[in-house]
Structure formats: C-alpha cells, structure tokens
Amino acid sequence: MSAIPAPHHLTYDTTAAWLIRFATTADSVEPELTALDQRVGDGDFGTNLTGGMAGVRRALQALSDGPAADRESPAAPLATAARVFLDDVGGTSGPLFGLLLQELAAAVAANPATAGTRELAAGTTAGAAAIQRVGEAEVGDKTLIDALVPAAQALTACAPDTEPGQALHQAAVAAHQGAGSTTDLRARRGRASYTGDHARGVPDPGAMAIALLFASYDDALSSLDQLP
C-alpha cells in the first residue's frame with residue numbers, strides 16, 4: 001500500500017483540484033471582473049479568464065483519461081494549465097497567467113515527491129520575475145504585479161513545512177491587499193494606462209484575479225467579496 005502523502009506535500013490530485021476550483025471561481029466572478037475591466041481596459045478580461053479556465057478543465061480531463069504515468073507529478077496539472085494559457089488564451093492576460101503557471105510547474109517539478117510551500121514560493125517568485133521581464137511592470141504600476149509580488153513575499157515568509165493551504169491563504173490575503181492598493185493608482189502599464197485618470201477608483205482586474213487564484217486552493221469563491 002502506498003504511503004499517504006504528508007499534508008504539507010502537494011500531489012497531482014491537490015494541484016488538479018486547485019485549478020478546477022479556480023475555474024469554478026472564475027465562472028462565478030466573471031461578471032464582476034468584466035465590469036471592472038470595462039472601466040479600466042477593453043472589457044474582455046473576465047471572458048478571457050473563464051475561456052482559459054474552461055480550456056484548462058478540458059485539458060485536465062484529457063490528462064485524467066490518459067496514461068497513469070502522466071499523473072504522477074503534482075506539476076502536471078500546472079504545466080497543462082500553463083500550456084493552455086500560453087497557446088490558446090487571447091488578450092494580455094493569457095501569456096502572463098501562462099508564465100506564472102509555467103514557473104509554478106517548473107518549481108514543483110524540480111522536487112515532485114515532497115513539493116510544498118517552498119516550491120510554491122519559488123514558483124510564484126519566479127513567475128513574478130518572468131512577468132516583470134516581459135511587461136516591465138513594477139509594484140505601483142496598477143497591474144497584476146501589485147498582487148503577485150506581495151503574494152510571493154507572503155509565501156517566502158512562511159516556514160517551508162507550512163501546509164500549502166495555509167501558505168496559499170496567506171498569499172491570498174497579501175494579494176488581495178495588493179490588488180486593493182491599485183484602486184487609487186494611475187495605471188502606468190497595460191491597457192489601463194491608456195485610460196489615464198479614468199482608471200482611478202477601480203482596482204486592477206488582473207490583480208484581483210491573482211488573489212482569486214491563491215484563494216481558490218481551499219474552496220471556490222462565488223464573488224470578490226469572499227476574498228480573504
């Protein structure tokens with residue numbers, strides 16, 4: 001009989017379930033994200049995110065129906081989701097979320113047997129750095145970086161043996177605070193930068209989605225109001 005993984009380790013099932021819950025969250029909050037993006041961007045962020053996560057659902061189902069060997073690593077669902085966002089999702093958000101998921105997958109794949117909070121911290125940090133290299137955004141530019149960098153810092157501050165759900169809750173709290181801080185900022189990067197002061201008073205939808213991603217590890221959310 002195989003040993004039951006320690007609670008501070010990720011498994012294929014836990015990462016796949018995390019992504020499925022995030023897909024459910026994305027479906028529920030799409031109207032709210034779309035409403036935000038209609039005020040600061042071109043209004044397609046919510047539909048791009050839900051479309052991407054629908055693709056992730058299909059890809060994970062195909063993975064589940066395939067050879068068992070493809071489901072041995074907790075990195076596999078993350079890598080699968082990364083490919084969907086990098087290859088199939090339009091808009092600015094697709095490649096950026098793809099880069100984050102790709103770096104998370106790489107960090108988990110480096111230590112699949114015992115991957116946990118340490119790898120989540122490393123992947124989130126690397127994902128933020130990759131997105132910053134591509135988009136040249138910094139904290140304070142009113143982008144998803146305003147949520148992702150605090151989330152990475154929160155994960156890094158957790159003890160390596162912290163249960164992933166607890167660590168990701170801390171990341172969600174930090175990301176939500178960071179997303180909230182974008183409300184009164186004037187956008188300097190991304191589509192919102194073209195709207196000037198019209199974007200003031202509205203939180204960045206990409207930053208909110210980062211908070212939703214981390215918050216969905218334990219349970220799907222039905223509205224932005226449920227963010228920790």
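Let's start with a single residue, D141, which sits in the loop between α5 (117–135) and α6 (145–157). Keep in mind as we go that this is a predicted model. Is D141 buried or exposed? Its relative accessible area is 7%, and since anything under 20% counts as buried, D141 is buried. The D141 side chain also has a partner in the backbone: it reaches the nitrogen of E138 at 2.9 Å.

Stay in that loop for a moment, as it has other things to show. E136 is found in the loop between α5 and α6 too, and comes just after α5 with a positive phi of about 60°. That is a positive value in a residue other than glycine. K142 is another resident of the loop between α5 and α6. The phi of K142 is near 65°, again positive in a residue that isn't glycine. K142 is buried as well, because its relative accessible area is 1%, and the bar for buried is under 20%.

How confident is the prediction? Averaged over the chain, the pLDDT is 91, and 91% of the residues score at least 70. The start of the chain is another story: over residues 1–6 the pLDDT is below 50, and beyond near neighbours in sequence this stretch has one contact in the model.

Now for the inside. Which residues touch the most other members of the largest nonpolar core? They are L49, I210 and F214, out of 68 residues in that core. The elements giving two or more residues to it are α1 (12–40), α2 (45–65), α3 (75–88), α4 (93–109), α5, α6, α7 (164–181) and α8 (205–215). The largest share comes from α1, with eleven residues. Take I210 as a sample of what this looks like up close: leaving aside neighbours within four places in sequence, I210 is in contact with F97, L100, L144, A147, L148 and A175.

Next, walk along α2, the helix that holds L49. With 21 residues at 1.5 Å a residue, α2 should span 30 Å, and its end C-alpha atoms are 30 Å apart, so the two values agree. The buried residues of α2 include F45, G46, N48, L49, T50, G52 and M53, and farther along come G55, V56, L60 and L63. What do the buried residues of α2 pack against? The answer is α1, α3, α4 and α8. A bit of helix geometry is handy when you look at a list like that: an α-helix has 3.6 residues a turn, so residues three or four places apart point the same way.

Past α2 comes a loop leading to α3, and A69 is found in it. A69 counts as exposed because its relative accessibility is 51%, and the cut-off for exposed is over 50%. For a sense of distance, A69 and A215 are 146 residues apart in sequence, and their C-alpha atoms are 29 Å apart in space.

On to α3 itself. Its 14 residues should span 20 Å at 1.5 Å a residue, and the end C-alpha atoms are 20 Å apart, which agrees. Buried here are A75, A76, P77, L78, T80, A81, A82, V84 and F85. The cover over the buried residues of α3 includes α1, α2 and α4.

The helix α5 gets the same check: 19 residues at 1.5 Å each should span 27 Å, and the ends are 27 Å apart, C-alpha to C-alpha, so this agrees. Its buried residues are T117, E119, L120, A121, G123, T124, G127, A128, A130 and I131. These pack against α1, α4, α6, α7 and α8.

Finally, look at the aromatic rings. How many aromatic pairs are there? The count comes to three. W18 and Y217 form an edge-to-face pair, 5.5 Å centre to centre with 75° between the planes. Since W18 lies in helix α1 and Y217 in the segment after α8, the pair ties together parts that are 199 residues apart in sequence. Both W18 and Y217 are buried. Elsewhere, ring pairs link F45, F85 and F97 into a cluster.

Note on methods:
Residues numbered from 1 in each chain as written. Predicted model: local features only at pLDDT ≥ 70, side-chain atom pairs only at ≥ 80, totals over all residues. Heavy atoms only, no water. Helix = DSSP H or I, 4+ residues; strand = E, 2+ residues; numbered from the N terminus. Buried < 20%, exposed > 50% of the residue type's maximum accessible area, 1.4 Å probe, protein only. Polar contact = N/O pair within 3.5 Å; in protein donor to acceptor, adjacent residues only side chain to side chain. Core = buried A, V, L, I, M, F, W, Y, C linked by side-chain atoms within 4.5 Å. Contact = heavy atoms within 4.5 Å. pLDDT = per-residue confidence, 0-100. Expected span 1.5 Å × (residues − 1). Phe/Tyr/Trp six-rings, centres within 6.5 Å; stacked < 30°, edge-to-face > 60°.
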